[in-house]
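Hello,

Here is the structure I promised to pass on to you. Please open it first, and then read my notes alongside it.

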Amino acid sequence: MWDVVVIGAGLSGLAAARSLNQSGYAVLVLDKSRGVGGRLASRRVKDTVLDHGCPLLQPLGPYQSDLIEQGVAAGLLHPWSPAVYDLRANQLQRRPSRHPYYTAEAGLNALAKLLATGLEIQKQAQVSQITPLGQGWQLELIAPGLEPLTTRCLVMALPAPQISPLISPLQASLEGIKDLQTQLQQVRFRPIITAIAGYPPHPPTPDPGPGWMIWSEDPNDLACIILDSSKRPQPAEPVVVIHSQADFARAHLDHSDLSGVGTQLLTQAGQLVAAWIAAPQWLQVHRWRYGQVSHPLAAALLKTEKLPALVGCGDWCGGDWGEHTGVEAAIASGHQAASWITTVLG
Ligand SMILES: Cc1cc2nc3c(=O)[nH]c(=O)nc-3n(C[C@H](O)[C@H](O)[C@H](O)COP(=O)(O)OP(=O)(O)OC[C@H]3O[C@@H](n4cnc5c(N)ncnc54)[C@H](O)[C@@H]3O)c2cc1C
């Protein structure tokens, strides 16, 4: 039996697992994907690496600053100084640069791989069912050849809406599940559709400098447009990544073929920013059903005194760090989960 199984190898799960592992517990991390990192996601298209999830890191809080320090020390992260614009009333307005940004030549996902070093991780292992045992939990997996696992404590480092289907079958038999469900109902996520497009070389307008990034404040379907290739010193080709607004994503999330949806985003960006964006050589589209948190849990982690060996964590846990969201909240919440479990295991 494991001391702790962590479901989810995103930043929150990796933070929890590293901390518990350092405390000497036997920890296993399970993730349904082929790799680690969750929404700190990068992919390779032909010879080009790009970030289609979280695009950059900023030293906005202690955990993110520490992550950046580790990434820089490992030679993975470097500062990135793009021109940043707001799209307002159909005009691009240059923002004064505020914080340094950090990004990775090998893709930000390389940082998750760094955090995963030395941990016991089972990839392509989707947890489909949780069953209470006298002392601990049994987990059923959707993974060829993998038997059910048992653990004393369980950390669910998943987006809140993905925790609900795992715990609701236990509601009738287990006191405490209702408490957890009530807390989960506070949490809301914004979906995002992400268009990723590659181009033949030409001047990367609107600014030929060290790259650019545009935040839309207008009532269009675009949230953010990034010349992703400008994060890398010698990109094979220009690559633009466009993240949609949540309403646009909600309207199109369940389309079986998203290529037309991606083309709509490129067309708008072509009209508003630069015509060449609408004419890519290739296009890929990714859907984030649980992209970013809009309504976090008002607590540092999901827990109930009635079931101390079952906790949830992730960027959707608000806690004391208030204005910190995203990466900072995910790591902070993972640490909170680890410290709670340490108390439970003694
Ligand atoms: C497009 C986009 C842009 C973003 N921009 C920023 C930004 O600029 N700044 C910022 O701070 N944050 C940003 N974020 C948010 C940031 O990426 C997340 O807050 C952070 O990565 C979340 O980490 P997490 O561990 O909480 O969750 P996740 O990364 O979602 O990890 C959850 C993991 O659980 C796994 N999983 C799910 N269900 C199961 C199951 N049943 N069994 C096994 N495994 C399962 C998933 O595969 C995943 O790996 C952005 C996110 C997106 C998508």
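**Two helices in contact**

Start with helix H1, where Leu11, Ser12, Ala15, Ala16, Ser19 and Leu20 touch Val327, Ala330, Ile331, Gly334, His335, Ala338, Ile341 and Thr342 of helix H8. Sorted by type, the residues of this contact are nine nonpolar, five polar and no charged. Please keep in mind that this is a predicted model.

How do we describe two packed helices? The angle between their axes and the distance between the axes do the job. Here H1 covers residues 11–22 and H8 covers residues 326–345, and their axes come within 7 Å and cross at roughly 35°. The crossing of H1 past H8 is right-handed.

**Around the ligand**

Now turn to the ligand, which has 33 residues around it. Which of them are the closest? They are Ser12, Asp31, Arg39, Asp315 and Val327. You have already met Ser12 in H1 and Val327 in H8, as both take part in the helix contact.

Three side chains place a polar atom beside an oxygen atom of the ligand:

- serine 12, at 2.7 Å
- arginine 39, through an N or O atom at 2.8 Å
- aspartate 315, at 2.6 Å

How much of the ligand does the protein bury? On its own the ligand exposes 1000 Å², and the protein buries 92% of that.

The shell around the ligand draws at least two residues from each of H1, strand E10 (126–133), strand E17 (282–295) and H8. By type, the shell holds 14 nonpolar, 15 polar and four charged residues.

Enjoy exploring, and write back with any questions!

Best wishes

Methods:
Residues are numbered from 1 along each chain as its sequence is written. This is a predicted model: local features need pLDDT of at least 70, side-chain atom pairs count only at pLDDT 80 or more; totals for chains, interfaces and linings use all residues. Side-chain values use heavy atoms; hydrogens and water are left out. Axes are lines fitted to C-alpha atoms, for helices over the stretch in contact, and angles run from 0 to 180 degrees between N-to-C directions. Helices (H or I, at least four residues) and strands (E, at least two) are DSSP runs, numbered from the N terminus. A crossing is left-handed if the near helix is turned anticlockwise from the far one by less than a right angle, and right-handed if clockwise. Contact means heavy atoms within 4.5 Å. Ala, Val, Leu, Ile, Met, Phe, Trp, Tyr, Cys and Pro count as nonpolar, Asp, Glu, Lys and Arg as charged, and the others, Gly among them, as polar. A residue is near a molecule or strand if one of its heavy atoms lies within 4 Å of it. A polar contact is a pair of N or O atoms within 3.5 Å; within protein, one must be able to donate a hydrogen and the other to accept it, and residues adjacent in sequence count only if both atoms are side-chain atoms. Accessible areas come from the Shrake-Rupley method with a 1.4 Å probe; for residues, only the protein chains shown count as cover.
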